[in-house]
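Here's a quick tour of the model you have open, sorted by topic so you can click along. Grab your viewer and let's start with a pair of helices.

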Amino acid sequence: MTNHTSSVTINDEIFKQLRDFVYEKTGIYVPDNKKYFLENRLSRILREKNLRNFEDYLYFLKYSANKNDIARLFDAVTTNETFFFREPQQFEVFAQNLIPQIIKENSQMGRKDIKIWSAACSTGEEPYTIAMILHDLPELNPLRKEIYASDISESVLMSAKRAIYGAYSVRNIPPKFMAKYFKDSSGMYVLSDSIKSMVKFLNINLIDEREVKQLKGIDVVFCRNVLIYFDDKAKKKSVSLIYDVLRPKGYLFVGTSESLHNITKAFRPIVINKVIVYQKV
Ligand SMILES: C[S@@+](CC[C@H](N)C(=O)[O-])C[C@H]1O[C@@H](n2cnc3c(N)ncnc32)[C@H](O)[C@@H]1O
């Protein structure tokens with residue numbers, strides 16, 4: 001059945017099963033009143049695969065989908081909006097307050113590195129923002145800088161590795177960084193290799209314990225604007241996995257519209273210049 005927007009409609013029972021399938025795999029919870037979300041996002045896959053309806057797609061996903069088909073589903077159900085220097089007050093607190101503290105603590109522990117993880121990095125603007133900031137702090141020179149960036153969507157990771165951006169993405173970049181680290185090429189902005197090479201990209205699903213546990217001893221996690229898509233159970237699971245990969249007293253930023261209230265007591269919220277940072281207790 002096809003409606004006037006040419007997306008295929010979905011019946012309530014199949015919607016619930018498909019929603020549960022997406023939730024089990026990703027933590028992303030599509031509420032009852034957002035049936036249109038799955039219709040819009042998945043209709044194209046039905047057409048590509050020549051499937052008649054969502055029931056056939058669900059059957060396909062459950063019984064014969066391979067890794068690529070699941071990856072295609074992840075690409076379709078994720079929302080990847082991002083840009084450089086998003087929520088800039090958090091980066092100010094990171095650079096001015098947390099970094100000096102981390103340098104002090106890591107040297108007391110005999111550590112020679114600093115490890116940052118952008119845990120839902122989308123097309124790379126967030127980890128590259130972090131990389132530019134770290135690159136410009138001479139006091140970090142004695143330390144090895146490790147920046148990990150991960151996402152569940154393979155297509156955004158590919159785009160992140162290309163590191164070529166449009167005007168919308170770069171609009172908040174301070175002019176000194178823009179001049180230093182980007183080349184203008186026919187209206188697109190190409191990031192310099194010096195910054196690109198600082199970031200290691202990985203495909204990590206935030207609700208998958210085995211995948212998250214690849215990382216350890218992280219000083220600061222940026223997990224921003226992704227928990228909003230999860231229900232409380234998935235939020236709790238991913239926040240507890242993040243807790244485990246942080247070093248003692250490590251820090252976590254969530255998006256400014258997000259909160260860990262009612263999700264965990266394992267982090268202490270501290271407020272610095274009106275910015276909330278969660279510290280592992
Ligand atoms: C809105 S973007 C946020 C990007 C960036 N952190 C920011 O704040 O600008 C949300 C990202 O979370 C990713 N995502 C959704 N579910 C995920 C999961 N279970 N594990 C890892 N990443 C996930 C999406 O693919 C998407 O790229």
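The axes of α1 and α3 approach to within 10 Å, crossing at roughly 30°, and the crossing is left-handed. Keep in mind that this is a predicted model. The domain assignment splits the protein into domain 1 (12-77) and domain 2 (88-280), so the bullets below follow that split, according to the same assignment.

**Helix packing in domain 1**

- On the α1 side of the α1/α3 contact you'll find Ile14, Gln17, Leu18 and Phe21, and they meet Phe54, Glu55, Leu58 and Leu61 of α3. Sorted by class, that contact comes out as six nonpolar residues, one polar and one charged.
- Next, look at helix α2 (residues 35-48) and α4: their axes come within 9 Å and cross at roughly 145°. This crossing is right-handed.
- The residues making the α2/α4 contact are Arg41, Leu42 and Ile45 from α2, plus Arg72, Ala76 and Val77 from α4. By class they divide into four nonpolar, no polar and two charged.
- Which residues of α4 are buried? They are Arg72, Leu73, Phe74 and Val77. Their cover includes α1, α2 and α3 (54-63).
- Arg72 and Val77 are worth a click, since both sit in the contact with α2 and both are on the buried list for α4.

**Where the two domains meet**

- The C-alpha centres of domain 1 and domain 2 are 30 Å apart.
- Seven residues of domain 1 touch 12 residues of domain 2. On the domain 1 side, helix α4 (residues 67-77) gives the most, with three residues.
- That domain 1 side is made up of four nonpolar residues, two polar and one charged.

**The largest nonpolar core**

- The largest nonpolar core counts 71 residues, and Val221, Cys223, Ile242 and Leu252 have the most contacts inside it.
- Helix α5 (residues 88-108) is the top contributor to this core, with six residues. Both domains take part: the core draws at least three residues from each of domain 1 (12-77) and domain 2 (88-280).
- What does Leu252 touch, once residues up to four places away in sequence are left out? The list is Val221, Cys223, Ile242, Leu246, Phe267 and Tyr278.

**Two asparagines with positive phi**

- As background, most residues other than glycine have a negative phi.
- Asn225 goes the other way, with phi near 60°. Look for Asn225 in the loop between β7 (218-223) and α12 (232-245).
- Is Asn225 buried or exposed? Asn225 counts as buried because it has 21 C-beta neighbours inside 10 Å, and the cut-off for buried is 20 or more.
- Asn273 also has a positive phi, near 45°. This one is in the loop between β9 (267-272) and β10 (275-280).
- Asn273 is exposed, because just 10 other C-beta atoms lie within 10 Å, and the cut-off for exposed is 12 or fewer.

**Ala160 and Glu13, two more stops**

- Ala160 is part of helix α7 (residues 154-162). With 25 C-beta neighbours inside 10 Å, Ala160 is buried.
- Which residues does Ala160 contact, leaving aside neighbours within four places in sequence? They are Cys121, Thr123, Gly124, Ala149 and Phe201.
- If you want a ruler check, the C-alpha atoms of Ala160 and Ala65 are 26 Å apart, with their positions 95 residues apart along the chain.
- Glu13 belongs to helix α1 (residues 12-26). Glu13 counts as exposed because it has 10 C-beta neighbours inside 10 Å.
- Another pair to try is Glu13 and His135: they are 122 residues apart along the chain, and their C-alpha atoms are separated by 52 Å.

Key: Residues numbered from 1 in each chain as written. Predicted model: local features only at pLDDT ≥ 70, side-chain atom pairs only at ≥ 80, totals over all residues. Core = buried A, V, L, I, M, F, W, Y, C linked by C-beta atoms within 7 Å. Helix = DSSP H or I, 4+ residues; strand = E, 2+ residues; numbered from the N terminus. Nonpolar A, V, L, I, M, F, W, Y, C, P; charged D, E, K, R; others polar. Axes fitted to C-alpha atoms, helices over the stretch in contact; angles between N-to-C directions. Left-handed = near helix turned anticlockwise from the far one by under 90°.
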